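Take a look at the chain below. Follow its helices with your eye before reading on.

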Amino acid sequence: MSRTAAPPSPLPPATGMPEDAPHAGPAPAGDDAPGNAGQQIEARVYAAISQALLSGKLRPGMPLRERNLAQAFDCTRGAVRKVLARLGFEGKLVLEPNRGAFVPKPSLDDIRQTYRARRVLETGVIASLCGNLGEAQLAALDAHVATEVRSHADGTHERSIRLAGEFHLVLIGMAGSAELDAFARQLVAKTELYKALYDPAEFMHCAPTEHARLVGQLRDGKTQAAIALATAHLDELETRVLTRAAAAETPDFRAIFAEAFAGAAT
């Protein structure tokens, strides 16, 4: 059974971290106290772990131990626990009772189902918005695409992934449905992570170009063309992620047993 992030619940779940180990050293002043100091530390930890996830530095199935993170960030385990709970609530980490937090290791079927849900949601939103967006909404989409282009030019991989996902959230938000917006955030968070785990950075350049074309079709009211473009865009992303994920799941037996094969040949 694969590890995959559970869907969000109304309240952030407990991390399920083992509590038998002693607290990792004395707590820095103000770390868990309410107010600016504690919030700033948690924000710093959250940003660092999120960046590591989106940059692909944390690999599928990797455990994130409270004690080790607390030592790395020079903060208390309580602060780390809050951040891990938030990331689990957002679908970016898997929280397992009595075991801890892990980087998701989705199965190929998990990946297919997530992209299928995104296609259904986004094509429906495009059909309802195409030709009906106001100038202010179109200008907001244009501005977002321009930001994506600048980020790609700067070579910032994790920021490019985040901006590419945010484009879709901005567009879906224009449908004016809180329910759709919440579901979209869950789906986009998962696919962002799948891309970071499995999709190489060199392919990121396609997103701003395709998003710019999509905005043009939305502006011109070309519903079928916009749906076809959005579907092809998600299909391509899914194919790349699945190809890399399948390769990661399949051991290279020739490499593993190269020495034995060589011995048999002599």
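The paragraphs below go through helices, cores and charged pairs in turn. Keep in mind that this is a predicted model.

Start with helix 6, residues 157-173. How far apart are its end C-alpha atoms? They are 24 Å apart. The helix has 17 residues, and at 1.5 Å a residue it should span 24 Å, so the two values agree. Helix 6 is also mostly covered. Twelve of its 17 residues are buried. Among them are His157, Glu158, Ser160 and Ile161 near the start of the list. Phe167, His168 and Leu169 are buried too, as are Leu171 and Ile172.

Two residues of helix 6 form a charged pair. Side chains of opposite charge can pair when their charged atoms come close. Glu166 forms a salt bridge with Arg162, and their closest N and O atoms are 3.0 Å apart. The two residues sit four apart in helix 6, so about one helical turn separates them. Are these partners buried or exposed? Glu166 has a relative accessible area of 27%, which makes it partly exposed. Arg162 is partly exposed as well, at 31%.

Now widen the view. How many salt bridges does a search of the whole structure find? It finds 13. One of them joins Arg119 and Asp235, with the closest N and O atoms 2.9 Å apart. This pair links distant parts of the chain. Arg119 lies in helix 4, residues 108-129. Asp235 lies in helix 9, residues 223-249. The two are 116 residues apart. Their surroundings can be compared against one cut-off: buried means under 20% relative accessible area. Arg119 has 17%, so Arg119 is buried. Asp235 has 31%, so Asp235 is partly exposed.

Another salt bridge connects the side chains of Arg219 and Asp142, at 2.6 Å from N to O. Arg219 belongs to helix 8, residues 206-220, and Asp142 to helix 5, residues 135-154. The pair therefore ties together parts that lie 77 residues apart in sequence. Arg219 is partly exposed, with a relative accessible area of 36%. Asp142 is partly exposed too, at 32%.

Next, turn to the nonpolar residues. The largest nonpolar core has 33 residues. Which residues have the most contacts inside it? They are Ile49, Leu64, Leu84 and Ile111. Several helices each supply at least two residues of this core, including helix 1 (36-54), helix 2 (66-73) and helix 3 (77-89). Helix 4, helix 7 (178-198) and helix 9 do so as well. Helix 1 gives the most, with six residues. Apart from this core lies another one, of 24 residues. Among its members are Cys130, Phe167, Leu214 and Ala230. Phe167 is a residue you have already met, as one of the buried residues of helix 6.

Finish with two helices that both supply the largest core: helix 4 and helix 7. How do they meet? Their axes come within 10 Å and cross at roughly 135 degrees. That angle makes helix 4 oblique to helix 7. The crossing of helix 4 past helix 7 is left-handed. Helix 4 is also the helix that holds Arg119, the partner of Asp235 in helix 9. Trace that pair in the model, then trace the crossing.

Terms used. Residues numbered from 1 in each chain as written. Predicted model: local features only at pLDDT ≥ 70, side-chain atom pairs only at ≥ 80, totals over all residues. Heavy atoms only, no water. Salt bridge = Lys/Arg side-chain N within 4 Å of Asp/Glu carboxyl O. Buried < 20%, exposed > 50% of the residue type's maximum accessible area, 1.4 Å probe, protein only. Expected span 1.5 Å × (residues − 1). Core = buried A, V, L, I, M, F, W, Y, C linked by side-chain atoms within 4.5 Å. Axes fitted to C-alpha atoms, helices over the stretch in contact; angles between N-to-C directions. Parallel < 35°, antiparallel > 145°, perpendicular 65-115°, else oblique. Left-handed = near helix turned anticlockwise from the far one by under 90°.
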